Amino acid sequence: MHKVCVAFVLCSPQAVTGSPVDCPNQDTAGTSCAISVEKLLERAVQHAELIYRVSEESKLLFDEMLISYGMNLHIPEGTMCAPKTVTVPRSKSEIKQISDKWILHSLLILAQFWIDPLVEVQASLENYENAPSALLTRSKWISTKLMSLEQGIMVLIRQILGEGSVTLEGPEETSDRFVSSNILETVRRDYSVIYCFRKDAHKMQTFLKLLKCRQIEKENCSLF
């Protein structure tokens, strides 16, 4: 069984659930530990599940804040999340055709695509008048945990695929995507980021569960 060294990524006792996690080879400084690929996958799935759950809560908290402000953004759902980042396979035959490499690279694209927008939203929310503390806390938590998940995915790529550095092409971003000219546009932008990230967080959770099944259980692995 291969062992990997992960620097405070997914193997921290408080990294995922806040409860102690068995990490017998952790050093005295508490900064690294040896962890199997199987265990890393389990914790990555837990990480992704919690990120998705908290993103759902953040969206609901944002909705409540908008109601308290008396705002209605009128954002059409069909156009809010374009361009699409990664497409989810729609059939069992498509799932069989995708490789573990495709899954891992898609996971990395999704994580890296959202890191900067979420950091910007976190900073933007600090300037809102009477923004719920629960929303601020969750926004910061998501940003931090997504960065940890990104590092965990990169470790998995090195271990499973044997790739050192990875260069990926994600969706193109327009230069003014996160530039707002007034308060309404700022709120619209922040809401769009939270709304759309929630969808991609669900994709990451789904892809990690599929990868874990393929790597550990080996049989009957499907999204359906």
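Colleague: Happy to look at this with you. Why is F62 called buried?

Modeller: Welcome! Bear in mind that this is a predicted model. F62 has a relative accessible area of 0%, and buried means under 20%, so F62 counts as buried.

Colleague: What makes F62 and Y128 an edge-to-face pair?

Modeller: Their ring centres are 6.2 Å apart, and rings pair if their centres lie within 6.5 Å. The planes stand at 80°, and planes over 60 degrees apart count as edge-to-face, so this pair is edge-to-face. It is one of six aromatic pairs in the structure.

Colleague: Which parts of the chain does the pair of F62 and Y128 link?

Modeller: Distant ones: F62 belongs to helix 1 (residues 37-69), while Y128 sits in the loop between helix 4 and helix 5, 66 residues apart. Y128 has a relative accessible area of 13%, again under 20%, so Y128 is buried. F62 and Y128 also form one aromatic cluster with Y191 and Y195.

Colleague: How do you know that R198 lies over the face of Y195?

Modeller: R198 is at 4.7 Å from the ring centre of Y195, and the distance limit for a charge over a ring is 6 Å. The angle to the ring normal must also be within 35 degrees, and R198 is listed as lying over the face.

Colleague: What about W102 and F207: which kind of aromatic pair do they form?

Modeller: An edge-to-face one, with 5.5 Å from centre to centre and 75° between the planes. W102 lies in helix 4 and F207 in helix 6 (residues 183-217), so the pair ties together parts that are 105 residues apart in sequence.

Colleague: Why is W102 called partly exposed, while F207 is called buried?

Modeller: W102 has a relative accessible area of 31%, and partly exposed is the range between 20% and 50%, so W102 fits that label. F207 comes out at 0%, which is under 20%, so F207 is buried.

Colleague: Now to helix 6 itself. How do you know that its length agrees with the expected span?

Modeller: At 1.5 Å a residue, its 35 residues should span 51 Å, and the end C-alpha atoms are 50 Å apart, so the two agree. Just after helix 6, K218 takes a positive phi of about 70°.

Colleague: What makes Q205 in helix 6 a buried residue?

Modeller: Its relative accessible area is 11%, under the 20% cut-off, so Q205 is buried. Setting aside neighbours within four places in sequence, Q205 is in contact with A48, E49 and Y52.

Colleague: And V45 in helix 1: buried or exposed?

Modeller: Buried, because its relative accessible area is 8% and the limit is under 20%. V45 and K212 are 167 residues apart in sequence, yet 8.0 Å apart in space, C-alpha to C-alpha. Apart from neighbours within four places in sequence, V45 is in contact with L208, K209 and K212.

Colleague: Which residues touch the most other members of the largest nonpolar core?

Modeller: Of its 54 residues, they are F62, W114, L146, L149, F197 and M204. Helix 1, helix 4, helix 5 and helix 6 each supply at least two residues of this core. Not counting residues up to four places away in sequence, F197 touches several residues, including W114, L146 and M204.

Colleague: Last one: why is N130 called exposed?

Modeller: N130 has a relative accessible area of 66%, and exposed means over 50%, so the label fits. N130 lies in the loop between helix 4 (100-125) and helix 5 (133-161), and has a positive phi of about 60° although it is not a glycine.

Terms used: Residues numbered from 1 in each chain as written. Predicted model: local features only at pLDDT ≥ 70, side-chain atom pairs only at ≥ 80, totals over all residues. Heavy atoms only, no water. Helix = DSSP H or I, 4+ residues; strand = E, 2+ residues; numbered from the N terminus. Buried < 20%, exposed > 50% of the residue type's maximum accessible area, 1.4 Å probe, protein only. Phe/Tyr/Trp six-rings, centres within 6.5 Å; stacked < 30°, edge-to-face > 60°. Contact = heavy atoms within 4.5 Å. Core = buried A, V, L, I, M, F, W, Y, C linked by side-chain atoms within 4.5 Å. Expected span 1.5 Å × (residues − 1).
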